[in-house]
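Visitor: I would like to learn how to read side-chain features in a model like this one. Could we go through it together?
Guide: Gladly, let us look at it side by side.

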Amino acid sequence: MAIVNSTVQAVSENVDLEKCSLDTEGINEPHIQQHKWYHNVKYLLVGIVFGIAFVKTEIISWFRIQEMFRLQSFHMFGVIGTAVVVGIISVQLIKRFNIKTIYGEEVVFHKKKFNKGQVIGGLLFGFGWALTGACPGPLFAQISAGFLIIAVPLLSAIAGTWVYGFFRDKLPH
Amino acid sequence: MLDFLKQPWTWYAGGAIIGLTVPALLLLGNKHFGISSNLRHICAACLPAKIPFFQYDWKKEIWNLFFVGGIVIGAWIASTYLSNGQPVQVNPKLVQELSSYNIHDYGKLMPADLFNIHTLFSLKGLLLFVVGGFLVGFGTRYAGGCTSGHSIMGLSNLQLPSLIATICFMAGGFIMANLILPFILKL
């Protein structure tokens, strides 16, 4: 435990609070730093299950996104709604019974602060979501599901993130 | 069993698996579900260009890139081995609307007669793929998260800013799909 405590302290010293206030950076840093790279394989496995669910539930489908935004199908609302309900119950259970991680650490939650970006950026992302039929996760999944052309919107999304980083100080937040 | 797996999953089965990603990542190592951050990590790794927003140790967030690697593999497995080859079942109203834009191919999850290299080199393709992708990357980072980080992880933790973001995602999508996209698809 002594090792864990000292590394937690070391990590918190590195975290730039100003940077964290607007984004998630810093909150996911490994608390146990002596982990080798292969400890990340467990996240790969969760990703595989998630990726299969993406395709089998057809949420990476451009058609399903168009149906959702035209209120022509309950499907996408059902998927997101069920995911949120399952997520809320899970988080409540973790908090109430103080369930620890597999390494015995306390699960840490972070409050999100409101800023104008959630409105302006949110609307802009909504436009892109309806155009491409994809959020960032499905962009990756669509490529490996056989649509190589999606490499173009993915590269464009990376460019969009970069441009946001470049102009960040000048944008209203 | 395999035939069962090959059917498209219902909304509640798929939604439950996606929702369970939240506790899975939390309990495996205090990780907060959020995919769009990976776009930022890719920028930080490949082209930080002395921009403060990309000056951090992206290697500490490498778990998320492993997670996305899993999504890529999972999507490949599902579309290669778990597909029943049936056309996507789409609301007849949408079929009618799309046929007026010459979209008729429901064989795969994306319309092959729209998502192809031929469309890319047209104004329609430029708007759909290049501008659309740009808005996804710019908008999610500006909003501080996407459907996973805000709509699923943030709402699971009952965060009001995430609810505001989710409402704006949906509002943007409704405006684009109903008011602007029809003109783009007619191009």
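Visitor: Which residues form one aromatic cluster with Tyr164(A)?
Guide: A good place to begin, with the reminder that this is a predicted model. A pair of aromatic rings is described by the distance of the centres and the angle of the planes. Here, Tyr164(A) shares one aromatic cluster with Phe53(B), Phe54(B), Phe134(B), Phe138(B) and Tyr142(B). Over all chains, the structure holds 25 aromatic pairs.

Visitor: What is the geometry of the pair Tyr164(A) and Phe53(B)?
Guide: The ring centres of Tyr164(A) and Phe53(B) are 5.3 Å apart and the planes stand at 85°, so this pair is edge-to-face. The pair crosses between chains: Tyr164(A) belongs to helix 8 (residues 151-167) of chain A, while Phe53(B) is in the loop between helix 3 (37-46) and helix 4 (62-81) of chain B.

Visitor: Is Tyr164(A) buried or exposed? And what about Phe53(B), buried or exposed?
Guide: Tyr164(A) counts as buried, at 2% relative accessibility. Phe53(B) is buried too, with a relative accessible area of 5%.

Visitor: Which charged end sits over the ring of Phe53(B)?
Guide: That of Arg40(B), 3.7 Å from the ring centre. Chain A offers a case with a lysine: the charged end of Lys95(A) sits over the ring of Phe109(A), 4.8 Å from its centre.

Visitor: Let us turn to salt bridges. How many does the structure hold over all chains?
Guide: The general idea comes before the count. Side chains of opposite charge can pair when their charged atoms come close. This structure holds three salt bridges over all chains.

Visitor: Which residues are linked in a network of salt bridges?
Guide: Glu58(A), Arg64(A) and Glu67(A). Between Arg64(A) and Glu58(A), the N to O distance is 2.7 Å. Between Glu67(A) and Arg64(A), the closest N and O atoms are 2.8 Å apart. Arg64(A) and Glu58(A) are both buried, and Glu67(A) is buried as well.

Visitor: Why are Glu67(A) and Arg64(A) separated by about one helical turn?
Guide: Because the two are three residues apart in helix 4 (residues 62-69) of chain A.

Visitor: Which residue forms a salt bridge with Arg70(A)?
Guide: Glu97(B), with the closest N and O atoms 2.8 Å apart. Arg70(A) lies in the loop between helix 4 and helix 5 (75-96) of chain A and Glu97(B) in helix 5 (residues 92-99) of chain B, so this pair joins two chains. Arg70(A) is buried, with a relative accessible area of 11%.

Visitor: Now the cysteines. How many disulfides does a search of the whole structure find?
Guide: A disulfide is a covalent bond between the sulfur atoms of two cysteines. The search finds zero over all chains.

Visitor: Why is the sulfur of Cys43(B) too far from the closest cysteine sulfur for a bond?
Guide: Because the closest one, in Cys46(B), is 7.8 Å away, whereas a disulfide needs the sulfur atoms within 2.5 Å. As for their surroundings, Cys43(B) is buried, with a relative accessible area of 3%, while Cys46(B) counts as exposed at 60% relative accessibility.

Visitor: To finish, how is chain B divided?
Guide: Chain B has domain 1 (1-83) and domain 2 (116-187). The C-alpha centres of these two domains of chain B lie 18 Å apart. Their contact takes twelve residues from domain 1 of chain B and ten residues from domain 2 of chain B.

Key: Residues numbered from 1 in each chain as written. Chains lettered and ligands numbered in written order. Predicted model: local features only at pLDDT ≥ 70, side-chain atom pairs only at ≥ 80, totals over all residues. Heavy atoms only, no water. Buried < 20%, exposed > 50% of the residue type's maximum accessible area, 1.4 Å probe, protein only. Salt bridge = Lys/Arg side-chain N within 4 Å of Asp/Glu carboxyl O. Helix = DSSP H or I, 4+ residues; strand = E, 2+ residues; numbered from the N terminus. Phe/Tyr/Trp six-rings, centres within 6.5 Å; stacked < 30°, edge-to-face > 60°. Lys NZ or Arg CZ within 6 Å of the ring centre and 35° of its normal. Domains from an automatic or database assignment. Contact = heavy atoms within 4.5 Å.
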